[in-house]
Amino acid sequence: MQRFKRAGSAMTASALLTLAVCGLPASGEATAAQATTNIGHAAVSARGEGSAPRRCRTGALSAHLGRQDPGAGNVYAPLVLTNTSAQTCWVYGFVGLVMFDGNGDALRTRVRRENVRPQRVVLKPNASAYARLHWVMVETGAEKRCPASARLMIIPPDEVAHLEIPFTARACDDGRIDVRPLAPGARP
């Protein structure tokens, strides 16, 4: 009987760790159903059966820029990331971006995160998530011209490896690109 109590204590510790890591309250705020679900999930994951999806790695993603929507000196476009692997994975947060000119030289790129709360987006194979990009194509302040980009380096959230896509744009305001966090789906 003592053996089962120790296993139960280990399971409780594992469940509390899972609650803390998943961002659920570790105090009495979590409901019994949440705790039971997470305990069951932790137990299944520990045995290696039916494990939960992992974060999408750069090698499992492809990228493309959707249709650009220009108007009144502003341009909006969805940056779409697609899960090209055979496994379900998730993304969470903001992409990193760096523009390059036609010679391969990095251009000043100021990525500004919009004040939108990120959400975890689960991507089944061939499913997509998108981040809305916005930039201005009219000189601001003392700018005389806005440099033309040819390519865009994309760093998925929490990754160091990158993807590159064609990106012919003139991002003014010293290379500023506003970006929203990744959201489910792909926009046109």
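A pocket is here an open set of grid points, where a 1.4 Å probe fits, with protein on both sides within 12 Å along at least five of seven lines. The model analysed is predicted. In this model, the second largest pocket holds about 170 Å³ of space. Its lining runs through Ser51, Ala52, Pro53, Arg54, Arg55, Cys56, Arg57 and Ala60, and also takes in Gln87, Thr88 and Cys89. Five of the lining residues are nonpolar, three are polar and three are charged.

Two of the lining residues, Cys56 and Cys89, are bonded to each other. Their disulfide has an S to S distance of 2.0 Å. The link of Cys56 and Cys89 is right-handed, with 90° about the S-S bond. Cys56 sits in the loop between strand 1 (54-55) and strand 2 (61-65), while Cys89 belongs to strand 5 (residues 89-92), so the bond ties together parts that are 33 residues apart in sequence. Buried means under 20% relative accessible area. Cys56, at 1% relative accessibility, therefore counts as buried. Cys89 has a relative accessible area of 5% and is buried too.

The structure holds two disulfides. The other joins Cys146 to Cys172, with the sulfur atoms 1.8 Å apart. The torsion about the S-S bond of Cys146 and Cys172 is about 115°, so this disulfide is right-handed. Cys146 lies in the loop between strand 9 (128-136) and strand 10 (151-155), and Cys172 lies in helix 3 (residues 172-175); the pair therefore ties together parts that are 26 residues apart in sequence. Both ends are buried: Cys146 has a relative accessibility of 2%, and Cys172 has one of 0%. With bonded cysteines counted along the chain, the disulfides of the protein chain follow the pattern 1-2, 3-4.

Strand 5, which carries Cys89, is also part of a sheet. This open sheet has three strands in the order 1-5-8, and its pairing is mixed. Strand 1 and strand 8 (120-123) stand at the edges; each has a single partner strand, so one side of each is left without a neighbour in the sheet. Strand 5 and strand 8 run antiparallel and are joined by four bridges. Val91 has Val121 of strand 8 as its bridge partner.

Pocket, disulfide and sheet share some elements. Cys89 lines the second largest pocket, is bonded to Cys56 and lies in strand 5. Arg54 and Arg55 also line that pocket, and strand 1 spans 54-55.

How values were computed. Residues are numbered from 1 along each chain as its sequence is written. This is a predicted model: local features need pLDDT of at least 70, side-chain atom pairs count only at pLDDT 80 or more; totals for chains, interfaces and linings use all residues. Side-chain values use heavy atoms; hydrogens and water are left out. On a 1 Å grid over the protein atoms alone, a cavity is a set of points where a 1.4 Å probe fits but cannot get out, and a pocket is an open set with protein on both sides within 12 Å along at least five of seven lines; lining residues have an atom within 4 Å of a point. Grid points are joined across faces, edges and corners, and a volume is the space filled by probe spheres set on the points. Ala, Val, Leu, Ile, Met, Phe, Trp, Tyr, Cys and Pro count as nonpolar, Asp, Glu, Lys and Arg as charged, and the others, Gly among them, as polar. A disulfide is a pair of cysteine sulfur atoms within 2.5 Å. Helices (H or I, at least four residues) and strands (E, at least two) are DSSP runs, numbered from the N terminus. Buried means under 20% relative accessible area, exposed over 50%, partly exposed in between (1.4 Å probe, protein chains only). Two strands pair if DSSP finds at least two bridges between them.
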